[in-house]
Structure formats: structure tokens, C-alpha cells
Amino acid sequence: MDINPIIAPLNDAQREAVTAPSQAMLVLAGAGSGKTRVLVHRIVWQIQVNDVSPQSILAVTFTNKAANEMRGRIETLVENNASAMWIGTFHGIAHRLLRRHAEQAGLQKNFQVLDSNDQQRLIKRLLTDLNIDEKELPVKEIQWFINEQKDAGLRCKDLLETTDNNTRRFLQIYREYEIRCERSSSVDFAELLLRVYELLRDNESLRTQYQERFSQIHVDEFQDTNHIQYAWLTLLSPNRDNMFVVGDDDQAIYGWRGAKIENIYKFQQHYPNHKVIKLEQNYRSTSTILKAANKIIANNQGRIGKSLWTEMTEGEKISVYAAYDEVDEAKYVVERIRNWVAAGNKRSDVAILYRSNAQSRQFEEQLMLTQTPYRVYGGLRFFDRAEIKNALAYLRLLETPDDNVSFDRVINTPTRGIGLKTMDELRQCAAEQQVSLWMAATLLLTQQRLPNRAANALVSFLHLLEQFERKTVGLSLSEKVHFVIEHSGLMAFYNQDKVEKSAEKVENLKELVNAAESFKYRADEEENASELSAFLSRASLESGESQGDEFDDCVQLMTLHTAKGLEFRVVFLVGMEEDLFPAQQSKSNAGRLEEERRLCYVGITRAMEKLYLSHAEKRFLYGRETSSSKSRFLGELPKELLEEIRPKREVSRPITAKSPTFSTFKLPPEIQSEGKYKKGQHVSHEIFGKGIIGNVEGEGKTERVFVKFREDSRWLLTAYTELTIL
DNA sequence: TTGTTCCAGCTTTTT
DNA sequence: GCTGGAACAA
């Protein structure tokens, strides 16, 4: 066996981790220190050198992206068949186990996975039924409560002792929620984890079976695990020292979501014979950037402590730009980007990072004005879009007509004359008879308890479902999807002119058919669930991140959270102002403030060569002008690393353009237009006066032009606007 | 039952 | 400033 390819690319610390004998291992991996590489090489080492069977490998990550990347990298290094390894997200692996052992876990074989959207709808429904005022108890709060309890491993019955009145109130709803999930045989995200925990805890033979099977357990981003995740990991690895976890306490930025950094300390107590290896050599950033990062994070208390070093050159100083306002800030950033690109560099090597999504707008506008292709990450994901969720709901009903969440969702989408009144009848009947809405509908109809109009509408809906079931037998998955989209009336509904962004929605529905077409169904990995059901689960569990189309060469815009795990040659960290970053809501609490600081650390360490920091003296926030002071994080950086940029005060009139509302995913790189308007043309408008066309998009009815007028700039639909070409 | 208008509220996000 | 939800009118 030639072990060279496995260990040659590693430094001493990395090699020590990769080749260590099987034991509990905690690898503290600083930013840019080769964390994924260690994980990948460790697994390959176990398989190829220690003859561990791929079957015995379990590797858990947080995102599908990380899981896919890991699998891909392992497969290029290993000749063996890697598909026998279980590599996936916590939720993905939990889902697989539950499909496999549905019965023992107390679930129906065809259980559904609710995403947080579905969960919200279910809670909302429940509140109305219980006559609870949403103003008093907001859905979000209840959702948060339920998930928090589940993440802590607590069911209703575990909380019965509570005397606090407020909690008791929540508890009553939690109980009802449990009942409804049971009845519609659905499982939310937190439930996936909790169920698996209980399954393993209460079922000794199963537990032993998996303990023996997974002789090597690997965990990525360990600092982000929550209570229940940690609990089921330890169930799988009770006293055998076979857990290899990688993490960085300085990059824990998901505390607000229930992640517990303390799991790192817990791990150390739980496995007294564990070994700690620190990866402190950074291969990413210049020493200037690294010094800044070390300085910032040193302000946090109670760190495990590590200090990154690099062999890289000093590099350029960090530029700090004090902008006049948010427009000035955006202009500055975009100008620097244009210079960078003009010098022959790639746009995709540049990232603009901000604390909150709302901040992207100004940058988008400037990028658009200058015709710079860009891509915004985040926002609505593919499978979260309403039109897609509706289509999926029809498909779910095809699989399980008793699925109340889906039934409720599409019974009147598109509208077919089934209104609140009829729905009330249905729900009441369902509650009385303890049956699903679908059953209740059948009951009500056979008993002829509905007025004619409502009855007819309901019959037509039930017919539709019946038709789906009969006519899709034998069709392929994508044909099924196509059939349902067409015959449900969804396609026609979204194709109407009056529907906003109609073209985009129609496009998305077509894309869903494509997604079904390219869906890779592997019966064994899906534990023999039907192809359709596997597709639906996948839709819930992967809300459609990185929807395939990587755009050629775009500037990258994203939040600091999204940027974790990525790197860019040039990084703009914008909006460095108190109350924005650190966020105002996080300032009251020392712990949360430290999390903001870690976020800042994450941001800084994304940069490889050049880091720009910027802040504005005033900006529009929530439609109001607010003046802002520099972020405290700026003050924590040593002066000698910084280079202050004086703003050129040629006070530019603030441009208040209408927000462009195109798909957040892309700016059409080349603007092709057959219409009479072209960019650069001088035009005149009755009200706004003279202006210059900055961009043209779409054609026919949807053609619109971005015009820079003297007073402001805006998008105009040419179909409705008179513009005179000068 | 459906479509329109008005008003409050607002981090971060994966699964 | 924008969005979603609730109250309204048709």
C-alpha cells in the first residue's frame, strides 16, 4: 500500500491527526488550517491503511454541501466503493435510520418530513382551532419553543412538572402539536433527531447493531452540535474511543439556533482518554489579515485558545473606508471591484460580506449600474418558493391523501370556490370523527351535509386527486410531476398575466420537472421508499442550496453566516457600524456579543489577500435615516495593520432607486434586447425629466429599463411608460 | 368567496 | 423601504 498520497500533502499536526490510532480525538482546527482535508484524509487512512470497511464509516456534517464535498473528495482518493459509507447531514442520516426502522420508531412507513415552513402552517392552523390569539402568542414563538424543547430532548410528558403558567400554556399547544403530527404522520426537523435518539436509547439490539457497525465516527463543525445531536452521537459511541470530531470554538456562530459550544468541553469530560490536536497553521491569509483576526478574537473570554500563524507574506494593509452614507459605501466598493477586474482578475474571487440580508440592496444597485455580474446567496430557496411548495403538496397527496398539511395547502389553490366556511365544516368533521381532512371530505359528501355549490367544488377537488392516482400509474417520476403541475391547474394559474413575476414562477415549475428528471434514485440508500417519496423527502431535507447553476464569473454577495467555510482572494466586510454589526439585538448580552465577535472573526478570515472594511456615517434603516458610529470591532484592530481611506467628498446626491426585484440569483450577464431601448441612450420622461438608460431587461410586456434621471433612478416597464428617445 | 388596501414590524439560517 | 397579514369592499 502506498501511503504517500494520503500523508504527503499534510503538515505535522495534520498528519498526527490523520494517522493517530483509533481513539477519541478532538481536532481544534483554526480557520483555513485544512480541517476538511484532515477529515477526508483520516477516513481514507482508515480504509486504506487500517483496512476499515467503508461500511463502518459514519461521517456527519451540518450542510448537504459539506457532505457532498466530503464524499467527492474521498471518492477521488479511494479506489474502494465509497457508497457503502454513511456520509450525510445529521438530519439526512436520522431520516435514513427512521425510514429503515419506521415501525420500531413508532412511525408510519410513509411518514412525511415537514420543513419549518410546513411546521409554521401547522402551528398556525392549530392556534386558530384552539381559539388562541396570535397577537398574544405569535406562531414564531411557539415554533421556537417546541423546537427548543425537542432539541433539548424534552417531550411534553417530560415537562408536566412545570409550574410556570406561561410554560404550561406553551405546553398545551406542544401537546396538541404532537397529536397532529402523529395523526398526519409527519415529522419536523427537530423530531427527526429526537426520534432517532429515542429509537437508539430504547432499543438495545438496534443500538448494539449500530454501535458495532459504525466503528469509526466522524463529526464536522462539532462546535455547532446541539444537545440532542451530541446525545445520539454518544449513544452510538458509548465507551469505545472511536469518535473523531473536528471543530473550532472561535467559529461558533449558531448559538442562537441552539448550538452548544459546551459540547466541546463535554466531549473532553466524557472521553477522558481523548487526544486534542490543534491545527494552527493557516494556509489561506496574509499575515496582516491573520494578525487582525487573532487580535479581534482575543477579546473573547473563555476560549480554549489557539493562535493562528502563517508562512505567508505580510501582504497589503487592511483598508478602512469611512463612507458618507450607504450609497457612498456601495460606490466605493464597486469601484474597487471594477479596478480589480480591470487589472485582469476574476470577479468570483471577490466577496461582499454583510451582517444582514437587507444590506445587499445598495450593492446590487451599484453593480447593476456598472454592468458588473454578481450573485446574491441566500434569500428564498428553490424548494421554499410558494409555487414549488404547492406543486409538492399535490405530489404528497398523491403519495398520502391523509396528509393534512398538504391537503389544507392546495384544496383551494388555485382557487376553486372552497372557502373558509366549507373548510370549517371539514375541519370540524375531521376533529369529531378523528379522521384526516381527506376522509372528512368524503364523509361530508356521502352524508350530503354541504350546500350544493360547496359540494360541487369539493367533489371536483376529490375527483382531481382520484384522477392523479389513476392516471399517473406507471409514469416516470418527472412525468408524474409534469402531469400534476398541468392538471392541478397550477401551471395555468401561474401563467396568468396578472400574477406577479409570472414568468419566473412558470419557469420554476418547469425547473421542478427537470429536478425530478435528474433525480438520482438509489433504492438502497432510500431504504426502499418509493421514488416519489424519496424525491419529496429530499425536497424537504435539501431546500435547494446551490441550485446547480454556478454562474460564470460573478461577484459574490452573502451574509457572514453564509460565508463560513468559504474563502476569497478579496473580501469587503461592509456595514461595520454599531447596532448593525454587532447587531443591536445582540448587544444586551455578553454571550451574544461574543458570538458577534466570532462572526467578525469568521468574516476577516475569509480573506486571502486583501481585506476592506467599511462603515457609513449615516444610512437609511427601515426607511429612516439613522446616523451610526463605527463598530467597536474596528477599534479592536491594531492601527498599524490599517490604512484609512479618506472619502472623496464630492458629495454625490444620494440615489434612491426603486429596488430591483428580479430573481436574486442572477443578473443576466449580457443584456440582449430587441426593443428600441439600449443602454447609454438619452431619454426623456414626462414627469422625471431627462435621463440615461443604465440597463435594459426582458422583452415585450416584461421589458423594463433602468433609467438614471437627474433626481433619482428607477426601473420602468416600457409597456406602461412613455419615454422619448433624445 | 375573492381581490384590494392598509398597517405594523423587522438579525443571523440549516435541516 | 419592503413584506406579509389582517381588515375591508365588491
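Which residue in β12 is the bridge partner of I352? In this predicted model, the partner of I352 is L557 of strand β12. This pairing belongs to a set of four bridges that join β12 to strand β10, residues 350–354, and the two strands run parallel. Strand β12 is also joined to strand β11, residues 374–376, by three bridges, again in a parallel arrangement. Within that second pairing, R375 has Q556 of β12 as its bridge partner.

The surroundings of β12 were examined next. Strand β12 covers residues 555–559, and five of its five residues are buried, so the strand is largely enclosed by the rest of the structure. In a regular strand, side chains alternate between the two faces of the sheet. In β12, V555, L557 and T559 point one way, whereas Q556 and M558 point the other way. Residues on both sides of the strand are buried. Thus L557, the partner of I352, and Q556, the partner of R375, point in opposite ways from the strand.

At the level of the whole chain, the secondary structure of chain A comprises 27 helices and 21 strands. Chain A has 726 residues, of which 54% count as buried. Among the contacts in chain A with a separation of 6 or more, 74% are made by residues 24 or more positions apart.

A separate group of six strands forms an open sheet, in the order β3-β2-β6-β7-β1-β8, with parallel pairing. Its edges are formed by β3 (86–89) and β8 (275–279), each of which pairs on one side only. On average, neighbouring strands of this sheet are turned by 15° against each other, with direction ignored. Inside the sheet, strand β6 (residues 216–219) is connected to strand β7 (residues 243–247) by three bridges, and these strands run parallel. One residue of β6, V219, has V245 in β7 as its bridge partner. Helix α2, formed by residues 12–19, lies across β1 (25–29), β7 and β8, and runs at about 145° to β8.

Two charged residues share some of their contacts. D151 lies in helix α7, which spans residues 139–151. This aspartate is buried yet has no salt bridge. The nearest side chain of opposite charge belongs to R257 and is 8.0 Å away, whereas a salt bridge requires a distance within 4 Å. When neighbours within four places in sequence are left aside, D151 is in contact with A190, N226, H227, I228 and R257. K260, by comparison, lies in the loop between β7 and α12 (262–270). With a relative accessibility of 34%, K260 counts as partly exposed, because this value falls between the 20% limit for buried residues and the 50% limit for exposed ones. Apart from residues up to four places away in sequence, K260 touches Q223, T225, N226 and H227. N226 and H227 therefore appear among the contacts of D151 as well as those of K260. The C-alpha atom of K260 is separated by 51 Å from that of S460, which lies 200 residues away along the chain.

Cysteine residues were considered last. A disulfide is a covalent bond between the sulfur atoms of two cysteines. A search of the whole structure finds zero disulfides. C429 is buried, with a relative accessible area of 2%, and C600 is likewise buried, at 1%. Both cysteines count as buried because their values lie under 20%.

Key: Residues numbered from 1 in each chain as written. Chains lettered and ligands numbered in written order. Predicted model: local features only at pLDDT ≥ 70, side-chain atom pairs only at ≥ 80, totals over all residues. Heavy atoms only, no water. Disulfide = S-S within 2.5 Å. Buried < 20%, exposed > 50% of the residue type's maximum accessible area, 1.4 Å probe, protein only. Lys, Arg positive; Asp, Glu negative; His and termini not counted. Contact = heavy atoms within 4.5 Å. Pairing = 2+ DSSP bridges. Axes fitted to C-alpha atoms, helices over the stretch in contact; angles between N-to-C directions.
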